[in-house]
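Welcome to this short tour of a protein chain. Take a moment to look at the structure below, then read on for a guided walk through some of its parts.

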Amino acid sequence: MTELQLAEMKRFSAAGKEFAFLIPSSSVIGLDDLTGALLDGFKDGPRSPSAVLESLMPRFSHDDLVEGLSELHQIGAVAQNSSAKLYAPREAIRARLGGG
């Protein structure tokens, strides 16, 4: 199963609204409750899209969640976790090398 992860971004508030600055594309996107919740679903690391959608189903409709996640993927706010095999957390590397 493919996992998704957050792109490199900085979230911020301005004029009472939430935004995300997507670093790779140097773009700013406005966040509503749904898109903010979707991004929050990936804040602890890569997850399967279905797990994130299921966790949010009590608050939002399935169709809105799928559409929102699709849009976030299209603009590059979330992406496939292709780096998981290339990069390991520093703690895991230290443990493997006996420095842990």
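## A starting point: T35

Let us begin at T35, a residue in helix α1, which covers residues 33-40. The model you are looking at is a predicted one. With a relative accessible area of 12%, T35 is buried, because anything under 20% counts that way. If we set aside the neighbours within four places in sequence, T35 is in contact with G30 and L72.

## The chain as a whole

Stepping back, the chain contains 4 helices and 5 strands. Following the sequence from its start, these come in the pattern β-β-β-β-α-α-α-β-α.

The chain has 100 residues, and 28% of them count as buried. Its contacts also tell us about reach along the sequence: among those between residues at least 6 apart, 53% join residues at least 24 apart.

## Helix α1 and its surroundings

How many of the residues of α1 are buried? The helix is mostly covered, with 6 of its 8 residues buried. These are L34, T35, G36, A37, L38 and L39, so our starting residue T35, at 12% relative accessible area, belongs to this buried set.

The buried residues of α1 have several packing partners. On the strand side of the list are β1 (4-6), β2, β4 and β5 (78-80), and the helices α2 and α3 are there too.

## A salt bridge

A search of the whole structure turns up 1 salt bridge. It is formed by R11 and D40, whose closest N and O atoms are 2.7 Å apart. The two residues come from distant parts of the chain: R11 sits in strand β2 (residues 9-14) and D40 in helix α1, 29 residues apart. As a general point, side chains of opposite charge can pair when their charged atoms come close.

Are these partners buried, exposed or somewhere in between? R11 counts as partly exposed, at 36% relative accessibility. D40 is also partly exposed, with a relative accessible area of 35%. Both values call for that label because partly exposed is the range between under 20% and over 50%.

## Helix α2 and its buried side

Next comes helix α2, made of residues 49-56, where V52, L53 and L56 are buried. Why do they lie on the same side of α2? They cover an arc of only 95 degrees around the axis, which puts them on the same side of the helix. A general rule of helix geometry is helpful here: an α-helix has 3.6 residues a turn, so residues three or four places apart point the same way.

What covers these buried residues of α2? The cover includes α1 and α3 (62-74).

## Where α2 meets α3

The axes of α2 and α3 come within 10 Å and cross at roughly 135 degrees. That angle makes α2 oblique to α3, because it falls neither over 145 degrees, which would be roughly antiparallel, nor in the roughly perpendicular range of 65 to 115. The crossing is right-handed.

Which residues make the contact? From α2 they are P49, L53 and L56, and from α3 they are L65, V66 and L69.

## F42, in the loop between helices

F42 has its place in the loop between α1 and α2. Is F42 buried or exposed? At 1% relative accessibility, F42 counts as buried.

Not counting residues up to four places away in sequence, F42 touches L4, Q5, L6, R47, P49, V52, L69 and V78. One of these partners, V52, is 10 residues from F42 in sequence and 7.5 Å away in space, C-alpha to C-alpha. V52 is also one of the buried residues of α2, while P49 and L69 take part in the contact between α2 and α3.

## Two loop residues with positive phi

Two loop residues round off the tour. A15 lies in the loop between β2 and β3 (17-22), and has a positive phi of about 55 degrees although it is not a glycine. At 83% relative accessibility, A15 counts as exposed.

S26 is found in the loop between β3 and β4 (27-31). Its phi is positive as well, at about 55 degrees, although S26 is not a glycine. With 55% relative accessibility, S26 counts as exposed, because the cut-off for that label is over 50%.

Notes. Residues numbered from 1 in each chain as written. Predicted model: local features only at pLDDT ≥ 70, side-chain atom pairs only at ≥ 80, totals over all residues. Heavy atoms only, no water. Buried < 20%, exposed > 50% of the residue type's maximum accessible area, 1.4 Å probe, protein only. Contact = heavy atoms within 4.5 Å. Salt bridge = Lys/Arg side-chain N within 4 Å of Asp/Glu carboxyl O. Arc of directions from axis to C-beta. Axes fitted to C-alpha atoms, helices over the stretch in contact; angles between N-to-C directions. Parallel < 35°, antiparallel > 145°, perpendicular 65-115°, else oblique. Left-handed = near helix turned anticlockwise from the far one by under 90°.
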